[in-house]
Amino acid sequence: MTHTEQHRPEIVVGLLATPPDYPARVAARLTTELAGRLTERVDADVRWTVREGWGEVAPRRDGGVEALLDDVAERRTDDRWDVAICLTDLPLHTEGVPLVAQTSGRRRVAVVSLPALGLQQLRAARAAVPDMVSRLLTDASDQRVPPADWPPAEISRRVTAIHQVVGKAGELGYVAPPLIGRVRLLAGMVRANRPGRALLGLSKLLVGAFGAAAFALTTDTVWQMGDALGGLRLTVIMALGLTALVAWLIVAHGLWEKPDRETPPELARLFNLGTILTLTLAAAVSYLVLFAGTVLVAALLIDTSVLEQTLQRPVDVTDYLTLAWITSSLATVGGAIGSGLEDEETVRAAAYGYHPEPGGWRDERDG
């Protein structure tokens, strides 16, 4: 550290993540670049120090924000941070309206609900956090930085259709309209839930489905069924198969969130919708993989002349696609049975309200 740097005032910013899963990954990305962004956008004459962590802040499941702000403020005081920003994947609300973020100058802390930012969460958080740090320091009348010119525009540019609401004691919240906010919130919840993790984790489901598909392809009755059924019936069969698969995963692994003292009905509904959408997306992609594999196997194993002899008419590529369609739909039921063999932790990771203790993340305060 140079002599000039030693005489620059230091401001310590704490970046917390709760629960310590997806938010911790976003916090880790922000930590590496936040000091530079604060230097560029807030004050270049300050020595910015960024600390990250998780673990001490308990995830609040009541959909509110006040208790969470109190927890973050307690952590900020214990660690002697100047300000603290908490990133959470919990859906928050205020008076029934989706809450994107809230700052509290009195407590010198802020909370950002990542799913409320929509699909571009890292990009939006990267733009919003420096503004919030500046806002907190301005509201606290911190003399080490010049007062900011408010209202800030970055978060409004990054996340459309939000507006500011001033609460008690000058606290500032960013809220979204009910309809747009809920749609973006659900999309953000699915994004934070990482459907790719559920897809990769359900390997035994695909193995079971491929086994059932291979067996079905050897049965000429299935060929005749595919030829007799129209597109509407095949679509209904496919939809029923995917619905049965998602329902089986939820029921067999206890993924349905029930309202209780800690989880109000509105939050339980959001959790369940997030779980259903995540599993539906993973199941749909699995179905496409199964369909593509079944088309390839059918083309390799079933000669055109054999298929023509069974159907008693000329065949073309659409017949192979129809055969793969009905076979994949029927095999999805076999995949549902195979999903019962999946590792419990792997399947439960698709449940939005489930947050296992991570093995790769640790609190900076713990070394």
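This report walks through a strand, two helix pairs and two threonines in a predicted model.

## Ground rules

Because the model is predicted, local features need pLDDT of at least 70 and side-chain atom pairs count only at pLDDT 80 or more, while totals for chains, interfaces and linings use all residues. Numbering runs from 1 along each chain as its sequence is written, and side-chain values use heavy atoms, with hydrogens and water left out.

## The chain overall

The protein chain has 14 helices and 8 strands. These are DSSP runs numbered from the N terminus: H or I over at least four residues for helices, E over at least two for strands. Of the 367 residues in the chain, 50% are buried (under 20% relative accessible area; exposed is over 50%, partly exposed in between, with a 1.4 Å probe and protein chains only).

Contacts (heavy atoms within 4.5 Å) often link distant parts of the sequence: among those between residues at least 6 apart, 77% join residues at least 24 apart.

## Strand β3 and its neighbours

Strand β3 spans residues 83-88, and 6 of its 6 residues are buried. Val83, Ile85 and Leu87 point one way, Ala84, Cys86 and Thr88 the other, so to speak two buried faces.

Strands count as paired if DSSP finds at least two bridges between them. On one side of the story, β1 (residues 10-18) runs parallel to β3 and is joined to it by 6 bridges; β6 (residues 109-113) also runs parallel to β3, with 5 bridges. Thr88 turns up in both pairings: Thr18 stands opposite Thr88, and Thr88 stands opposite Ser113 in β6.

## Helices α10 and α11

Two packed helices are described by the angle between their axes and the distance between the axes. Here the axes are lines fitted to C-alpha atoms over the stretch in contact, and angles run from 0 to 180 degrees between N-to-C directions. Helix α10 (residues 231-252) and helix α11 (residues 265-301) have axes that come within 10 Å and cross at roughly 130°. That is why the two are oblique to each other (under 35 degrees is roughly parallel, over 145 roughly antiparallel, 65 to 115 roughly perpendicular, the rest oblique). The crossing is right-handed, meaning the near helix is turned clockwise from the far one by less than a right angle; anticlockwise would be left-handed.

Met238, Leu242, Leu245, Val246, Leu249 and Ile250 in α10 meet Ile276, Leu279, Thr280, Ala283 and Tyr287 in α11. Those residues split into 10 nonpolar, 1 polar and no charged (nonpolar: Ala, Val, Leu, Ile, Met, Phe, Trp, Tyr, Cys and Pro; charged: Asp, Glu, Lys and Arg; polar: the others, Gly among them).

## Helices α9 and α12

Helix α9 (residues 220-228) packs on helix α12 (residues 304-311) at about 70°, with the axes 10 Å apart. So α9 is roughly perpendicular to α12, and this crossing is right-handed.

Asp220, Trp223, Gln224 and Asp227 in α9 meet Val306, Leu307, Thr310 and Leu311 in α12. The contact divides into 4 nonpolar, 2 polar and 2 charged residues.

## Two threonines

Is Thr294 buried or exposed? Thr294 lies in α11 and is buried, as its relative accessible area is 2%. Leaving out residues up to four places away in sequence, Thr294 touches Phe210, Ala213, Leu217, Ala324, Thr327 and Ser328.

Thr235 sits in α10 and is partly exposed, with a relative accessible area of 35%. The C-alpha atoms of Thr235 and Trp325 are separated by 8.9 Å, though the two residues are 90 apart along the chain.
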